[in-house]
Amino acid sequence: MPALLAAALAGCASLSGAHPGGVTVTAATAITPAPSWTPQTTSFYRGGPVSVPLCRVEGVIEGNIGFELWLPATWNGRLLGAGVGGDAGVYNYTDMSRRVGEGFATVTTDSGHKVTRARWMADPKARVDYEHRAIHLTAVVAKALAAKFYGRTVDKSYFTGCSGGGRQALKQMQNYPGDYDGVIAGAPGPYMPLQSVRMLWFALQQKWTPAGALSDADWALYESKATAACDAQDGVTDGIISNPLACKFRTATLLCKPGQTEGCLTAPKLRMLDLIRAPMRDEAGRAMDGGLFPGVRTRPGPPSPLLRAMWADGVYDDANWNEDSFQRSRDLLAANRRMPELRADKVAIAPFIRAGGKAILYQGWADPSTNAGPTIDYYAALARANGGLAKLDDHVRLFMAPGMYHCARGPGADQFGASGQTSWPGDPSRDVLWSLIHWVEQGQAPARLTATKLQEGRETFTRTLCPYPQAARWDGKGPADAASSYRCVIDPALVKYMGRKTLVGS
């Protein structure tokens, strides 16, 4: 090992042991890849090969909050927090392994429990750590350990996450404005308890009405027909609905004709489709949400285990809880009482703004899990509470990705350097993390992003993503598959939608 490299990693082992704040570093290992090292995990967040020397710090906070911190020998002075989605319990090796090679000290946390722990949500401490505390405490510890290792403080800190990781990013902005200078929140589901009510309620509807249960093929049929009807509205026929708000599609056209058994929906399935697409109603018939945008599919099948655990363990602490007893209004109130910090729709972010914080939100228009409407609603509520869109725009921007599903995938261009995605190191035009860095450190607000579609490792097309309420418009001249042929213009439909009364914060 070269002398300079050995010197850079010499202090690694000294990080082991007890630290203030109930922190224990259980292992601090110098990693010298030859030629690369890949962290081992069975989780969704698989790491890629790491080719730079680093100090791998493994530890625990307060006995239950696990974390990993990777400190590269060649450091760019920045800390990057990597969020985790779903019910957490794992580490985000994907973003860590991708960004540590760019010089970032990277950190992640399991949010206060292990994925193998049964009924962890019944534990009050594990619950509140999952809601917000674990991410905050991990940021504090990471900065302290980085300063000890490098002999100087972190210059700037950033956080990236999608889905549950996006919710974590919002919580950092809302609750702990001093932790990160900039955050990236993808598909964050700002009012997750309400989103969870929707998902569980309509899964139960299909369980109770088997003849109306929609399969993945049924959703694919609806999506393809709606897309065919609305695809060309933006002047480009590419299999993508650029703005679902402008899409008008009659689901009645999907009804099977007498004798037809393929390429259509039976009457019970059509009724179920229309029920799920419409705003969810409470027991008194009042709308609880805004429903789904045209052409947006959702998750088929029975209720997911996470949804059941939320009420069985988190709300009622009853392993034998009967999901058939679920009631929309009652159980939403119960979830909000039991886990008040699970929702991430606070609009009082003045401390974050005063500190110079910057946030980039992004959302797939076609997201079937954390739907696009609530994210736009939250952004609109932020604008109303913080001096209007023009002022908010100086600190928080929202980018909508046409045809993108949950965090990635879908027919649209879905790779732009966000959590779990391919990165373009140092390129703020194609990589949202570097766009955020340029905003924080150089005052260059992101006016557009280039999203890329990769298929089998090959770039097939690019698209321009614009800050809401702007949308990309083809210039009518250049190649329709190139982002350079699109410009960002104000979309009246997006302005109108943003101005409507929303349910956020209710």
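This passage walks through a few local features of a predicted model, beginning with the backbone and ending with a residue in a helix.

Two cis peptide bonds make a good starting point. One of them joins alanine 34 and proline 35, with omega at about -5 degrees. Proline 35 sits in the loop that runs between strand E2 (23–31) and strand E3 (54–61). Further along the chain, tyrosine 468 and proline 469 are also linked by a cis peptide bond, and here omega is about 10 degrees. Proline 469 belongs to the loop between strand E12 (458–465) and strand E13 (470–474).

Positive phi values come next. Serine 111, a residue other than glycine, has a positive phi near 70 degrees. This serine is placed in the loop between strand E6 (105–109) and helix H3 (124–150). The loop between E6 and H3 also holds arginine 119, which has a positive phi of about 55 degrees although it is not a glycine. As for the surroundings of these two residues, serine 111 counts as buried because its relative accessibility is 1%, under the 20% cut-off. Arginine 119, in turn, is partly exposed, as its relative accessible area is 33%, a value in between the cut-offs of 20% and 50%.

The last stop is serine 196, a residue of helix H5 (residues 192–208). Its relative accessibility is 4%, so serine 196 counts as buried. Which residues does serine 196 touch, not counting residues up to four places away in sequence? Leaving out those neighbours, serine 196 is in contact with Leu307, Met310 and Trp311.

Definitions and conventions:
Residues are numbered from 1 along each chain as its sequence is written. This is a predicted model: local features need pLDDT of at least 70, side-chain atom pairs count only at pLDDT 80 or more; totals for chains, interfaces and linings use all residues. Side-chain values use heavy atoms; hydrogens and water are left out. Helices (H or I, at least four residues) and strands (E, at least two) are DSSP runs, numbered from the N terminus. Buried means under 20% relative accessible area, exposed over 50%, partly exposed in between (1.4 Å probe, protein chains only). Contact means heavy atoms within 4.5 Å.
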